[in-house]
Structures are given as structure tokens and as C-alpha cells.
Amino acid sequence: MKQKIMEAIDRNAEAIIACGEYILRNPELGFKETKISAYVKEVFSKLGIPYQENLAVTGVMGTVRDPNADINICIIGEMDAVKCYEHPYADPVTGAAHFCCHNVHVT
């Protein structure tokens, strides 16, 4: 299983990095993550992952099921940013920045 996961990450490295960069450069404060929520839904749609939206206001949950699998895995990614006007990618209006690496969680 670990080998398969590592190979999948390697095959998709460019898209994974692009996702993280997009989120890093588009920070939004908690319960206001409309742009990132839309982006996550777009990524899920492209991957054919069904999702629920508007969970706890802006949350999105994708579900991947394999009826032949004996395991379940849950991955949670937080999308909200914190205020840190000094961060190099901070939103100049809100001060929102992914100073706490939530862009990596979602990625």
C-alpha cells in the first residue's frame, strides 16, 4: 500500500505542488474560504470524486470508496488562513496568510 501511494504521489507531483501553490497564494480567513472551497470542488470534480459542500459554512468533503478494500482512510485538510500581514503571500486587505501551513493540509 505504501509503495502504491508513493508512486501515485510521484506521478502527480506537478499537480499536487500546483494545488498547494494556488492555496498558498489565495489565503482566506475562517468561514470565508469561498475561493478555496470552489477550487477544491473543481479539483474533486476533475478527479471524479463526489463531494458534499457547505459543511460548517465553506467546508467540502470528498468521498472515495473501493468496495473491495478492507480499510477506510480519512484525510482532513483545513483551508483557513490566519492574520499575518508580514507573510510574503498575505492578502494585503485582510492580512490572511497560510502561516500555519493549512495550504499543505488541503494539498
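**Pocket, core and loops in a predicted model**

Helix α3 supplies the largest share of the lining of the largest pocket, with seven residues. That pocket belongs to a predicted model, and about 2,300 Å³ of space lies inside it. Its lining runs to 47 residues, and those nearest the centre are F44, I49, G62, V64 and I75. Besides α3, the elements that give two or more residues to this lining are α1 (2–11), α2, β2 (59–62) and α4. Sorted by class, the lining has 28 nonpolar residues, 10 polar ones and nine charged ones. As for how such a space gets found, rolling a probe the size of a water molecule over the atoms shows where empty space is left.

Stepping back to the whole chain, the secondary structure comes to four helices and four strands. Reading along the sequence gives the pattern α-α-α-β-β-β-β-α. The C-alpha trace spans about 50 × 30 × 20 Å along its principal axes. Of the 107 residues in the chain, 28% are buried. Contacts can also be sorted by how far apart the partners sit in the sequence: among those with a separation of 6 or more, 43% link residues 24 or more positions apart.

Next comes the inside of the protein. The largest nonpolar core is made of nine residues, namely C19, I23, I36, Y39, V40, F44, I49, V60 and M79. Two helices, α2 (13–24) and α3 (34–47), each supply at least two of them. Once again α3 stands out, giving the most to this core with four residues. Two core members, F44 and I49, turn up again among the residues nearest the centre of the largest pocket. Another core member, Y39, touches A18, C19, Y22 and I23, leaving aside residues up to four places away in sequence.

The loops have a few quirks of their own. Most residues other than glycine have a negative phi. F31 is not a glycine, yet its phi is positive, at about 65°. This residue is found in the loop between α2 and α3, and F31 counts as exposed because its relative accessibility is 58%, over the 50% cut-off. C101, likewise a residue other than glycine, has a positive phi near 70°. Its place is the loop between β4 (96–97) and α4 (102–106). With a relative accessibility of 39%, C101 counts as partly exposed.

What about the cysteines? The structure holds zero disulfides. C100 is in no disulfide, and the nearest cysteine sulfur to its own is that of C101, 6.9 Å away. Seen from the other side, the sulfur of C101 has its closest cysteine sulfur in C100, and at 6.9 Å that is too far for a bond, because a disulfide needs the two sulfur atoms within 2.5 Å. Like C101, which is partly exposed at 39%, C100 counts as partly exposed, here at 32% relative accessibility.

One more loop residue is worth a look. A69 is found in the loop between β2 and β3 (82–83). Its relative accessible area is 35%, so A69 is partly exposed. A69 and I49 are 20 residues apart along the chain, and their C-alpha atoms are separated by 17 Å. I49 itself is part of the largest nonpolar core.

How values were computed:
Residues are numbered from 1 along each chain as its sequence is written. This is a predicted model: local features need pLDDT of at least 70, side-chain atom pairs count only at pLDDT 80 or more; totals for chains, interfaces and linings use all residues. Side-chain values use heavy atoms; hydrogens and water are left out. A nonpolar core is a set of buried Ala, Val, Leu, Ile, Met, Phe, Trp, Tyr and Cys residues joined through side-chain atoms within 4.5 Å. Buried means under 20% relative accessible area, exposed over 50%, partly exposed in between (1.4 Å probe, protein chains only). Contact means heavy atoms within 4.5 Å. On a 1 Å grid over the protein atoms alone, a cavity is a set of points where a 1.4 Å probe fits but cannot get out, and a pocket is an open set with protein on both sides within 12 Å along at least five of seven lines; lining residues have an atom within 4 Å of a point. Grid points are joined across faces, edges and corners, and a volume is the space filled by probe spheres set on the points. Ala, Val, Leu, Ile, Met, Phe, Trp, Tyr, Cys and Pro count as nonpolar, Asp, Glu, Lys and Arg as charged, and the others, Gly among them, as polar.
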